[in-house]
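User: Could you take me through one part of this structure slowly? I'm in my first year, so plain words would help.

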Amino acid sequence: MIFRREPLISSIILLFLSGLLVLTDGCKHEPDIFFNNNPSISPECNGDTVYFQNDILPLLVSTCATSGCHDAQTGREGVVLTDYNSVMKTAGINVNNPAESKIYKAIMENGDDRMPPSPATPWSQDQIQMLYTWIEQGALNNRCAGDSICDTTNVTFNKDVLPVFETYCLGCHNANNPSGGIDLQNFDNLAVIIDNGSLSGSINFEPGYSPMPKGGNQLGFCERRKIAIWAADTTLTPPPGGGTGHPCDPDTTYFENDVLPLLLGNCATTGCHNQTSHQEGVILTDYTSVMNTGGVKPGNPNGSKLYKVLFGGDMRDDDIMPPPPAPPFTTEQKNIIKNWILQGALNNRCDEDCDTTNVTFSGSVWPIISTRCTGCHTGSGAGGGVHLANYSDVVAAANNGSLMGSIRHEAGYSPMPKNSGKLPDCKINTIQIWINNGMPND
Ligand code: HEC
Ligand code: HEC
């Protein structure tokens with residue numbers, strides 16, 4: 001009887017995940033399942049418990065919820081792994097029989113169907129075990145404190161900002177008592193303090209602004225970040241049809257367009273800060289990892305590890321990054337990191353005239369090489385003896401570092417394409433992404 005019922009119960013669960021489900025068939029040992037994106041937070045981290053927000057979500061976000069795979073936009077095979085609700089709705093979690101969970105089976109699969117698919121690194125035994133244990137422990141939306149994890153998916157005023165204002169600000173900034181002329185529930189007032197910078201200036205304790213909350217401690221990192229994200233009206237999920245709907249503003253530094261390419265090219269490299277190496281726990285492959293492990297303090301570059309490590313001398317906090325023999329960041333590159341942090345360290349991006357999603361060799365890389373390089377790099381007169389006439393030539397140049405070194409105009413390489421301007425960043429990034437992806441011949 002029991003054995004016939006349990007699969008039935010799980011399919012009922014799978015069918016009705018979007019709301020509150022109370023099983024009313026008298027099966028009292030079944031827990032009520034309430035799916036929501038507000039984790040229950042325990043102050044202490046229990047070594048025997050696997051926490052969704054601390055342990056599982058960061059892994060899903062960095063290895064599965066990537067663009068083109070299981071992000072909200074793509075949702076391959078209907079599976080979205082960006083947040084708790086989506087995981088519970090789409091990943092086929094089976095708390096009665098963890099090994100039968102669709103996500104677990106996909107990770108355990110051998111060959112072409114394994115997730116994440118080759119050439120991505122498979123999950124380690126420990127990671128797989130952790131997923132199993134989390135499901136076995138009831139697939140809860142739990143979190144333990146003592147970390148800097150901050151859920152910035154779908155930040156809204158009512159969900160993320162208002163509760164902070166209610167706790168810390170409204171007492172002095174309401175309609176009856178608008179200190180400094182500011183009622184923080186009045187959107188016209190809010191628009192003014194966002195536009196003139198005083199909201200950000202005051203909560204980040206910037207010089208020239210009254211520090212807020214007045215007389216209190218500075219808001220937490222996560223609270224300030226959510227306010228910054230909301231204030232910038234950043235679209236974390238691009239509109240349907242692709243793109244961001246935001247053309248690039250020359251005064252704004254964008255994470256995806258400007259910062260991430262720099263990190264991917266210089267820091268998130270093998271042996272350093274990628275998913276497998278993560279020296280000192282720092283992973284610089286994507287926004288969530290950067291924010292959770294890079295010591296970024298929005299609005300405060302000098303207090304941010306990610307920025308400080310780029311310097312020697314007085315700002316020195318640790319060994320200079322990237323470590324020699326890699327060239328240090330140029331002033332221009334340091335300013336990209338600095339301005340991005342100053343502007344709130346947002347997960348923002350804008351539409352360039354070029355698309356780096358779905359980078360392939362034939363569709364993205366080869367068109368650049370063949371139009372900009374092959375001319376001088378083929379046959380017996382190939383410039384510097386370097387051949388760039390086909391796929392394997394390009395792989396060889398990429399493998400010995402000269403391809404990126406020359407097109408990035410790095411010290412020690414002849415700047416390429418010779419005698420003409422540097423390639424647009426977007427084209428350089430396209431080639432870097434293809435290299436980071438393992439240089440598939442696709
Ligand atoms: C104890 C009362 C009090 C609390 C709590 C408080 N404020 Fe204020 N706030 C004031 C007063 C008074 C002013 C007018 C400037 C001054 O006297 O410092 C002000 C000014 C401001 C300004 C203008 C700052 C400037 O430099 O021009 C902003 C923005 C602001 N508050 C936002 C907030 C936010 C956001 C919070 C909660 C995180 C908050 N305040 C909490 C009393 C308070
Ligand atoms: C106008 C001819 C010309 C073009 C166009 C050109 N190259 Fe070169 N390339 C050369 C010559 C000549 C050398 C030998 C070094 C030198 O004279 O600077 C060279 C050297 C190189 C090297 C070796 C660099 C080193 O010093 O380690 C690489 C790698 C390279 N080119 C890649 C490229 C790539 C990639 C492109 C296209 C983005 C490109 N080249 C476009 C002429 C060219």
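I'd like a close look at the surroundings of ligand 1 and its iron atom: which protein atoms are the donors of the iron atom, and what else surrounds the ligand?

Analyst: Sure, let's start at the metal and work outwards. Keep in mind that this is a predicted model.

The protein gives the iron atom of ligand 1 two donors: the NE2 atom of His173 and the SD atom of Met212. They sit 2.0 to 2.2 Å from the iron. Counting every donor atom around the iron, there are 6, and the angles they subtend run from 87 to 179°. That is why the arrangement is called octahedral: six donors get that name if opposite ones are over 155 degrees apart and all others are between 65 and 115.

Now look at where those two residues come from. Histidine 173 is in the loop between α6 (157-168) and α7 (187-195), while methionine 212 is in the loop between α8 (198-203) and α9 (221-231). They are 39 residues apart, so the pair links distant parts of the chain. Histidine 173 has a relative accessible area of 10%, and because buried means under 20%, it counts as buried.

Let's widen the view to the whole ligand. Its shell is made of 20 residues, and the closest are Cys169, Cys172, His173, Met212 and Lys214. By class, 13 of the shell residues are nonpolar, 6 are polar and 1 is charged. As for the helices, α6 and α8 each bring at least two residues to this shell. The largest share, 4 residues, comes from α8.

A few polar contacts are worth finding on your screen. Histidine 173 turns up again here, with an N or O atom of its side chain 2.7 Å from a nitrogen atom of ligand 1. Lysine 214 has a polar side-chain atom 2.9 Å from an oxygen atom of the ligand. Serine 210 uses its backbone instead: an N or O atom there lies 2.9 Å from an oxygen atom of ligand 1.

Stay with the loop between α8 and α9 for a moment, as the backbone does some unusual things there. For background, most residues other than glycine have a negative phi, and most peptide bonds are trans. Proline 213 is in this loop, and the peptide bond leading to it from methionine 212 is cis, with omega near 0°. So the bond that follows an iron donor goes against that trend. Phenylalanine 205 is in this loop too, and it has a positive phi of about 55° although it isn't a glycine. With 35% relative accessibility, phenylalanine 205 counts as partly exposed.

One last feature involves helices on either side of these loops. Aspartate 160 forms a salt bridge with lysine 226, and their closest N and O atoms are 3.6 Å apart. Aspartate 160 is in helix α6 and lysine 226 is in helix α9, so this pair ties together parts that are 66 residues apart in sequence. Both ends count as buried: aspartate 160 has a relative accessible area of 5%, and lysine 226 has 17%.

To put it together, His173 and Met212 hold places at the iron as its protein donors, and they sit in separate loops of the chain. The salt bridge then joins α6 to α9.

Note on methods. Residues numbered from 1 in each chain as written. Chains lettered and ligands numbered in written order. Predicted model: local features only at pLDDT ≥ 70, side-chain atom pairs only at ≥ 80, totals over all residues. Heavy atoms only, no water. Donors = N, O, S within 2.8 Å, 3.2 Å for Na, K, Ca; no water. Tetrahedral: all angles 85-135°; square planar, octahedral: opposite > 155°, others 65-115°. Buried < 20%, exposed > 50% of the residue type's maximum accessible area, 1.4 Å probe, protein only. Near = heavy atom within 4 Å. Polar contact = N/O pair within 3.5 Å; in protein donor to acceptor, adjacent residues only side chain to side chain. Nonpolar A, V, L, I, M, F, W, Y, C, P; charged D, E, K, R; others polar. Salt bridge = Lys/Arg side-chain N within 4 Å of Asp/Glu carboxyl O.
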